[in-house]
Amino acid sequence: MITPGQKIIQQWYQQKNWHQFPFQKEMEAAYLGGYSGLLNAPTGSGKTFALFLPFLADFINHHPDYKTRQNNGLQMLWITPLRALTNDIKKAMQEVCDDLQIPWKIATRTGDTPAAEKAALKKKLPEVLLTTPESLHLMLAQKEYPKIFQSLQVLVVDEWHELLGTKRGVQVELGLSKLKTLSREAEAGSKDSSPKTQYSPLRIWGISATIGNLEQAADVLLGNDFPRDKVKMIRANLAKKLVIQSIIPDNIENYSWAGHIGLKLLPQVMEIVGKSKTTLIFTNTRSQSEIWYHAILDNYPEYAGIMAMHHGSLDNELRNWVEAALHAEALKVVVCTSSLDLGVDFRPVDTVIQVGSPKGVSRFMQRAGRSGHHPGAVSKAYFVPTHSLELLEGAALKQGIKQGIFESRDPMLLTMDVLIQYMVTLAVSDGFRAEELFKEVKTTYAFADLSRGEFNQLLDFITNGGKTLAQYDEFLKVEIENGVYKVFNRRVAMRHRLSIGTITSDMNIRVKWLSGGSLGTVEESFISKLKPGNTFWFAGRSLEFVRIKEMSAYVRKSTAKKGMIPSWNGGRMPLSSQLSAVFRDKLDEVAHGIEKDEEVIALKPLFNLQQELSHLPQSNEFLIESFKSREGHHLLFYPFEGRLVHEGMASLLAYRISRIRPASFSIAMNDYGFELLTDEDVPIEQVLEDADFFSINNLLEDIQHSLNANEMARRRFRDIASIGGLVFNGFPGQMVKNKHLQASSSLLFDVFSEYEPDNLLVRQAYNEALAFQLEEFRLRAALQRIVTQNIILKTIEQPTPFAFPIMVDSLGRERLTTESLEDRIAKMARQYGADGFAVNENKKVRKPGVTRKKGF
């Protein structure tokens with residue numbers, strides 16, 4: 001039987017001449033049936049309407065006077081990971097309400113919301129509020145916060161896959177645990193009420209793109225206490241038409257080690273842009289976006305005025321202008337980063353160009369979906385390699401998408417810094433009782449294994465400073481009154497509210513015009529290198545640095561054509577485990593002579609050269625190359641597991657070699673392999689005789705010896721200390737300098753390590769270093785795989801096509817030189833005989849020595 005609300009929604013679809021997809025109907029039935037769960041739908045499929053319209057239908061069913069009904073309280077809370085997403089969603093929701101004559105004003109509350117609007121929200125709550133994880137916690141930090149949520153019917157977490165596996169995701173889990181408790185209390189309080197005012201339990205829905213662990217994603221969102229008979233997984237199963245094409249360079253042989261970032265393919269890229277209506281050019285880093293924007297402007301000045309740039313460090317006003325111009329079809333091309341990855345609806349966009357490997361299948365799918373961003377449209381995506389072997393990644397991406405292989409997002413567990421912040425948040429508002437909060441927190445996936453002893457340590461920490469900081473008043477934030485943990489100090493409460501959040505980064509300096517107005521932010525580490533009069537490129541403009549005052553860098557317009565481009569930390573993404581596996585499969589096809597992909601056919605000269613100089617490893621083989629030069633003995637290993645795994649494996653194997661023969665190594669790596677370089681001759685054949693060389697026996701102990709684990713944990717501790725409230729980042733406009741924050745957190749780390757070795761935050765720092773900096777789980781799996789493979793040791797005369805890019809990476813790290821990187825690459829190519837790299841049918845390449853050793 002169709003309800004009145006469903007009938008009205010159906011009529012709305014008909015008026016729009018839109019077709020309601022099966023998954024939208026399934027979502028409607030699940031919502032009206034009182035279910036919670038996860039909606040898995042691709043970008044541009046109508047997923048916002050899939051959840052919002054059933055919510056309206058439910059409200060209409062319960063309130064026939066919906067057109068005149070006022071003061072309904074907050075009914076829906078919609079959480080998004082990016083503030084930019086709220087504008088589009090708000091507009092779409094408001095349009096529906098206006099069409100149906102529902103007298104609501106959809107509101108947003110984010111860091112960008114003006115203070116006057118935030119104050120108005122406190123006086124009168126909207127029925128629908130769009131917000132972020134941080135703003136949800138700021139709401140929980142208000143006095144009498146339960147009143148805000150007393151009418152709440154549903155909470156939606158949009159783009160849940162982006163939050164899962166991050167500390168912001170843990171923030172959402174903790175916030176939900178509180179809202180579920182408030183809902184149960186409200187439901188219990190309404191038991192004796194009349195049926196008309198009976199309170200319904202809170203419904204929780206996540207919206208997620210396709211990832212490898214959707215079932216687990218739903219479990220994390222809903223928590224351990226949610227009744228599983230009221231949970232549903234809704235899958236859109238829409239066959240999104242996706243056309244992917246790689247842009248093949250004309251000269252593969254010279255391209256591999258040129259050291260550029262794809263700009264040689266600019267003419268081909270601009271040819272595609274010219275034939276398209278609107279194009280998004282995605283780069284993997286903010287620096288790359290600045291470089292590409294600059295290059296297009298230099299070489300294609302006719303695009304001035306119809307081209308823009310969009311990345312996270314640009315001023316919010318500039319980003320909003322770009323998004324509005326995209327909607328208005330006023331832009332031909334936008335160079336962007338992940339800041340435009342998520343669900344913003346730009347219908348004019350019909351083409352996406354990805355510069356460099358996105359390093360993951362899911363990320364590429366997400367970006368490709370920016371084009372043809374409406375139901376039934378075709379998504380066109382082009383892949384631009386930044387070096388030749390990335391072409392094979394392009395083939396692997398196509399294969400991964402075809403096979404439906406998507407990355408998982410592993411949830412974070414026992415993030416004590418986030419829990420400490422949350423406890424103080426509740427203490428700042430109405431306070432909490434320890435036993436009640438412990439039970440509540442245990443219902444989350446993140447803290448299901450939290451022991452009462454650990455929780456008591458955290459209680460002791462926020463009230464007494466723990467074992468170590470009891471003598472320092474600034475760490476005694478929370479007091480106990482009649483069993484309730486509360487913050488009474490107004491200064492502590494104010495500083496805490498300013499610190500709520502889990503996003504930490506290098507300290508940012510705002511870039512401002514001398515004449516007034518802001519362009520965005522760059523990192524303090526970049527600005528500190530500039531002298532007055534220096535030129536740098538930012539926000540697509542040539543700028544002259546004038547001076548720095550407080551936390552602002554003042555600039556004026558420059559006419560200089562050349563200048564530095566800011567770099568931001570965290571630029572290099574490692575190859576995902578899923579894409580690594582498909583890449584190895586593709587390499588195995590190459591080794592067996594299978595040439596079904598255009599990328600593989602284009603790379604044939606390179607692979608032929610690799611085979612002549614060394615070897616093409618099959619899936620059951622592990623390749624090691626060895627050669628000697630003036631620099632020393634080079635050993636190159638090719639696990640094809642991604643940069644982070646290689647960093648850990650390189651240090652581990654260097655340590656294990658040094659136990660056989662003491663030596664000092666320099667290390668270089670990329671996503672395909674790593675190099676160990678030493679002055680001494682390494683008896684590699686003898687090393688490979690050791691059955692424990694690739695073993696996982698004593699792995700953690702060997703990692704501790706091979707790497708400065710203490711220093712890695714110390715670096716992680718800076719962010720942990722900031723989130724946990726141990727260091728204060730400063731007031732707006734008066735931020736503490738980065739070096740002072742680092743010094744403060746380092747001092748605390750040393751004190752804890754010496755006097756409180758069981759400190760939970762120090763333990764967390766070591767765990768994070770292993771999990772995120774070394775990807776220890778992947779490293780362990782890679783070693784287990786290598787142990788089963790045949791070890792192919794090749795003694796070579798000169799670097800191979802696989803080796804050369806790794807050696808170029810080591811050049812990029814050498815600082816004390818006046819030569820450009822390009823000059824050093826050219827010199828290195830000459831040193832090793834550049835002719836050896838060019839494919840010449842008339843030239844004989846001497847066969848290298850071969851050692852074959854069976855896997856242990």
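## A charge over a ring

A charge sits over a ring if NZ of Lys or CZ of Arg is within 6 Å of the ring centre and within 35 degrees of the ring normal. Keep that in mind as you look at this predicted model. Lys232 lies over the face of Tyr35, 4.8 Å from the ring centre. Arg547 is placed over the face of Tyr554 in a similar report, with 5.3 Å to the ring centre.

## The sheet and the helix across it

Let us turn to the strands. Strands of a sheet pair through backbone hydrogen bonds, either parallel or antiparallel. Here, 7 strands make an open sheet with parallel pairing, and their order is β3-β4-β2-β5-β6-β1-β7. At the edges you will find β3 (107-109) and β7 (231-235), each of which pairs on one side only. From one strand to the next, the twist averages 20 degrees.

Which strand is joined to β1 by 4 bridges? The partner is β6 (residues 203-208), which runs parallel to β1 (residues 36-40). You can pick out one partnership by eye: Leu38 has Gly206 in β6 as its bridge partner. Now find helix α3 (residues 47-62), which lies across β1, β2 (76-79), β4 (128-131), β5 (154-157) and β6. Helix α3 runs at about 170 degrees to β2.

## Aromatic rings

The whole structure holds 22 aromatic pairs, according to a search. In one of them, the ring centres of Phe52 and Phe55 are 5.9 Å apart and the planes meet at 40 degrees, so this pair is tilted. Both residues belong to helix α3, where they are 3 residues apart, about one turn of the helix. Are these two rings buried or exposed? Phe52 has a relative accessibility of 0% and counts as buried; Phe55 is buried too, with a relative accessible area of 2%.

Another tilted pair is made by Phe749 and Tyr766, with 6.2 Å from centre to centre and 40 degrees between the planes. Phe749 is in helix α28 (residues 738-755) and Tyr766 is in helix α29 (residues 760-773), so the pair ties together parts that are 17 residues apart in sequence. Phe749 is buried, with a relative accessible area of 0%, whereas Tyr766 is partly exposed at 25%. Rings can also gather in a group: Phe583, Tyr638, Phe640, Tyr672 and Phe802 form one aromatic cluster.

## Salt bridges

Side chains of opposite charge can pair when their charged atoms come close. A search of the whole structure turns up 41 salt bridges. One of them joins Asp58 and Arg203, whose closest N and O atoms are 2.8 Å apart. Why does this pair tie together parts of the chain that are 145 residues apart in sequence? It does so because Asp58 lies in helix α3 and Arg203 in strand β6. Asp58 is buried, with a relative accessible area of 9%, and Arg203 counts as buried at 6% relative accessibility. So here is a link between the helix and a strand that the helix lies across.

A salt bridge can also sit within a single helix. Lys586 and Glu589 form one, with 3.4 Å between the closest N and O atoms. Both lie in helix α21 (residues 577-591), 3 residues apart, about one turn of the helix. Lys586 and Glu589 are both buried.

The side chains of Arg659 and Asp702 also meet in a salt bridge, at 3.5 Å from N to O. This pair links distant parts of the chain, with Arg659 in helix α24 (residues 643-660) and Asp702 in helix α26 (residues 699-706), 43 residues apart. Arg659 counts as partly exposed at 46% relative accessibility, while Asp702 counts as buried at 4%. Arg584, Glu641, Glu775, Arg778 and Arg785 are joined into one network by salt bridges that share partners.

## Two loop residues with positive phi

Finally, look at the backbone in two loops. Asn17 is not a glycine, although its phi is positive, at about 60 degrees. You will find Asn17 in the loop between α1 (4-16) and α2 (22-32). Glu159, also a residue other than glycine, has a positive phi near 50 degrees. Glu159 is in the loop between β5 and α7 (160-163).

Which of these two is buried and which is exposed? Asn17 is exposed, with a relative accessible area of 71%, whereas Glu159 is buried, with 1%.

How values were computed:
Residues are numbered from 1 along each chain as its sequence is written. This is a predicted model: local features need pLDDT of at least 70, side-chain atom pairs count only at pLDDT 80 or more; totals for chains, interfaces and linings use all residues. Side-chain values use heavy atoms; hydrogens and water are left out. Two strands pair if DSSP finds at least two bridges between them. Axes are lines fitted to C-alpha atoms, for helices over the stretch in contact, and angles run from 0 to 180 degrees between N-to-C directions. Contact means heavy atoms within 4.5 Å. Rings of Phe, Tyr and Trp (its six-membered ring) pair if their centres lie within 6.5 Å; planes under 30 degrees apart count as stacked, over 60 as edge-to-face and the rest as tilted. Buried means under 20% relative accessible area, exposed over 50%, partly exposed in between (1.4 Å probe, protein chains only). A salt bridge is a side-chain nitrogen of Lys or Arg within 4 Å of a carboxyl oxygen of Asp or Glu.
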